[in-house]
Amino acid sequence: MTIDTVRRVAVLGAGSMGHGIAEVAAIGGYEVTMRDLEDDLVQDGYENIEWSVEKLAEKGQIDESSEAVLERIDTTTDLADAVSDADLVIEAVPEQMEIKRDTFSTVDEHAPDHAILASNTSSLSISEIAMATDRPEQVVGLHFFNPPVKMDLVEVIRGEATSEEYAERAYEWAESIDKTPIHVRKDVHGFVVNTVLVPFMEEAAWMLSNDETDIRTADATMVYERGYPMGPFELNDFGGIDIGYHFRDASDQPVPPAVAEKVENEHLGKKTGKGFYDYDDGDGVDYG
Ligand code: 3HC
């Protein structure tokens, strides 16, 4: 059920997180504007949403037709236009502080006074992003997980200046789209999930770098013995190897050589067709 204070949601970025967030907001009943820099990026994101929503509709996993959901999604490349009548803005642009701050500064100029301004950053400081605006009390982290349509959890992160009221409004909005939000009250690098999850992937990558395991053994151990949905290498490929790399690099800590090598060669996982596994012949990972 939608909440009264939010009618239109602007999602900035149509990449894997951006389009997924736009999708769950539209499924939740909200009017959505999805924005990216170029027409083809917006188009790719929209097609991904179409694929996903049609699949959910076929399986009866949404309450209405795919057309009804898709009708609520507009697209644009104009940032000012995207946010000018948004009650909630969710930024999902690349994980670089300068890009985030530039985006928030423009959003601040054009978004309505009352809008909740949220960032989907995986690990960057909400407090620092918020300082690019004149209303840091309205800036909050809304951290979704990949793929947003399948993952329930949303971290709601308070920056140093975030007001109780805006953190609560963001939390209520996440609940209204049937997610399970949790309040993260300390704006620490990586928040809760990535602080725990990135080392899981990295420990396996250190073992690989030190020739102490191979990729399939490590993944099979976690999947078959521990019951995880994906092993550390498959998960790294799935989310993008560059994400974990930037997470560690941004905190000035050493990166496992096996990860650095993938990033140098732009083998970033599923999205580039190659990572720890090769996806050129299809989607699946076989641990066999
Ligand atoms: N939309 C619609 N359908 C989808 C879909 C999507 N986005 N993704 C998968 N599906 C469909 C598949 O096509 C498949 O359909 P089919 O049965 O008709 O072929 C069906 O759902 C089942 O898919 P799978 O068999 O691949 O797998 P599961 O449903 O069992 O689970 C998963 C998929 C939820 C992705 C599960 O593998 C999982 O939980 N993996 C771990 C994901 C995770 O941990 N994400 C968090 C990463 S960390 C992060 O995001 C933080 C950020 O800051 C980087």
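Colleague: What makes β1 and strand β2 (residues 31-35) a pair in the parallel sense?

Modeller: β1 and β2 are joined in the parallel sense over five bridges, and two strands pair if DSSP finds at least two bridges between them, so the requirement is met; one of the partnerships sets Arg8 against Glu31 in β2. Helices (H or I, at least four residues) and strands (E, at least two) are DSSP runs, numbered from the N terminus. This is a predicted model, in which local features need pLDDT of at least 70, side-chain atom pairs count only at pLDDT 80 or more, and totals for chains, interfaces and linings use all residues. Residues are numbered from 1 along each chain as its sequence is written.

Colleague: How do you know that β1 pairs with strand β4 (residues 88-91)?

Modeller: Four bridges join β1 to β4, and the two run parallel; in β4, Leu88 is the bridge partner of Val9.

Colleague: Why is Ile27 called buried?

Modeller: A residue is buried if 20 or more other C-beta atoms lie within 10 Å of its own, exposed if 12 or fewer, and partly exposed in between, with C-beta atoms placed from the backbone. Ile27 has 25 other C-beta atoms within 10 Å, and is therefore buried; its place is in helix α1.

Colleague: Which residues does Ile27 touch, not counting residues up to four places away in sequence?

Modeller: Ile27 touches Ile62 and Val69 on that count, where contact requires C-beta atoms, placed from the backbone, to lie within 7 Å.

Notes: Two residues are in contact if their C-beta atoms, placed from the backbone, lie within 7 Å.
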